[in-house]
Structure formats: structure tokens, C-alpha cells
Amino acid sequence: MLRALVLLLIVLNGLFFAWTRGWLDGATGIKASGDREPQRISAQVHPELITLLSPQAAAALQTRSCLELGPLNGDAALAEAQAVLQRAGLTASDWQAQTSELPGVWALATIRLPSKDFQARKEETYKKMKIGFEYLSGPPEELPTMVLSRHASDKAALAALDALTQRQLKGLRVMQLQAPQQRHKLIVPKADSSQAAKLLGLAKEPALHGGFRACSAPTAASAASAAAAASAPASGAASSP
């Protein structure tokens, strides 16, 4: 009996020795050295990159602001502005793009007035008929030209031309002053202090057309609604069983 007890103690001491050396960590699931250093240090990835923030710096990073850029006329201008933001370290998830349609402008105008005398007669005629007019500011090859009205579509301009033609007025035409185009805004709805400083520092970039500024109240509300809508599906998916 005593011999068996001595043998058991030897076996237990051997197992304890093996466990303290870490030889049995995989078998027992209990680490001999516990969950302490230096294991955690050796498991770190690039620990030299980790820096501690002061309370003031941490509070500043939690401060969020809404910044907007635009309007940007056309898709090319939008692409150029987005490229500047990407080079500055922002990603597409940091901003929202809002797009609106800018209608074209068509004018009911005279032909190019060939002489001062012809111009004076036209002015006198329109004043007698109580038809308002203004002079076109460009392009140079069309000057001088008188603009009688402006319209949001070529159909409306043609209807105005037809109405004046019926009043025996001649020498009129429809001109397109501005083609329809898309206008864009870039909005960074939740810029932290670091991002805000970076964005405001880009004001001299030609592609940013004057740079970012604080969002107007309608823009901020729209950006917040868009952010909430974007996060809603993810929240719903997370809550579903």
C-alpha cells in the first residue's frame, strides 16, 4: 500500500512538473503561466504604432460636424472633387453625394443687330408695344442681341416666339443660353476634428471650388436622414433571429 502511494506521488509530481513547463497547455486547456505577459505582448501586431491619446485629444475626436462642398456642375467636376478627397485619405463611406437637375435656359431673342440704327428702331418698337428686353452679355460673336424673355424649355420659348410672330414681329429666334446639367454636392455628415481640419485645409484645391463649409440646416437634416436610412437595413438584419 505504501509503495503504491509513493508511486502515485511520483506520477503526480511528474504531471505537475510537465504542466508548469507548459507541456500540457494544449491537453488541459489551462495555460501554466495564465493569461498574462509576455504572451499578450508577443501576440500584439505592431505595438509600436499604438499611442495613447490625452483626454483632450480623445474628446476632440468625438466632436462631429457636418461639412458640405458645392454646387459642382456636371459629373466631371464631381469626379475631380472625389479624387482630391481620396488623395487626402478619405474614403467613399465618409461622404454623401447629393444630385439635383439644373434645367436649361432658352431665350427668345432678336437676331444679331447689324447696325446702331437698326438697334434704335428695335428698341423704339418694343417700348411702344410694352415688350420688355435686355441685352445679351455673350458670346461676343452674337453681340449686340436683345433678349425678350427666358424660358425653362425650348417648347416654351418656341411658344413665345409664335405669339410674337402673330403680332407681326420679325427678326426673332430661339437661343439656348444654358444646357441642362446635373449639379452635385459632397457632404461629410460626421467629420471628426481631424477630418474637419483636413477638409478645411483643402480650400485652395481648384477642383473643390472654394472648399468645404459648414452645412446649412436643410443639408444637415438631409444628410442625417440619409445616414439613418442607410443604417436601418443593417440594424433590422442584426435584430432579426
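**Close-up 1. Glu68 in strand β1 of the predicted model.** Let's start with Glu68, a residue of strand β1, which spans residues 65-73. With a relative accessible area of 2%, Glu68 is buried, because anything under 20% counts as such. Its side chain does have a polar partner: a contact of 3.2 Å links it to the side chain of Lys185. Have a look at the backbone too, where the nitrogen of Ser216 sits 3.1 Å from a polar atom of the Glu68 side chain.

**Close-up 2. The surroundings of Glu68.** Neighbours within four places in sequence are left aside here. The residues in contact with Glu68 include Lys185, Leu186 and Ile187. Gly211, Phe212, Arg213, Ala214, Cys215 and Ser216 are also among them, as is Thr219.

**Close-up 3. Ala157 in helix α7.** Here we move to Ala157, found in the helix that covers residues 154-165. Ala157 is buried, and its relative accessible area is 0%. Beyond its neighbours within four places in sequence, Ala157 is in contact with Trp106, His151 and Val174. You can also pick out Arg173: 16 residues separate it from Ala157 in sequence, and the C-alpha to C-alpha distance is 9.0 Å.

**Close-up 4. Leu9 and a nonpolar surface patch.** Leu9 belongs to helix α1, residues 2-20. Its relative accessibility is 46%, so Leu9 counts as partly exposed. Leu9 helps make a nonpolar surface patch of about 950 Å². Joining Leu9 in this patch are Leu2, Leu5, Val6, Leu7, Leu8, Ile10, Val11, Leu12 and Leu15.

Terms used. Residues numbered from 1 in each chain as written. Predicted model: local features only at pLDDT ≥ 70, side-chain atom pairs only at ≥ 80, totals over all residues. Heavy atoms only, no water. Helix = DSSP H or I, 4+ residues; strand = E, 2+ residues; numbered from the N terminus. Buried < 20%, exposed > 50% of the residue type's maximum accessible area, 1.4 Å probe, protein only. Contact = heavy atoms within 4.5 Å. Polar contact = N/O pair within 3.5 Å; in protein donor to acceptor, adjacent residues only side chain to side chain. Patch = residues over 30% accessible without salt bridge, like charges linked within 9 Å, V, L, I, M, F, W, Y side chains within 5 Å. Areas by Shrake-Rupley, 256 points an atom, 1.4 Å probe, with all protein chains shown as cover. Salt bridge = Lys/Arg side-chain N within 4 Å of Asp/Glu carboxyl O.
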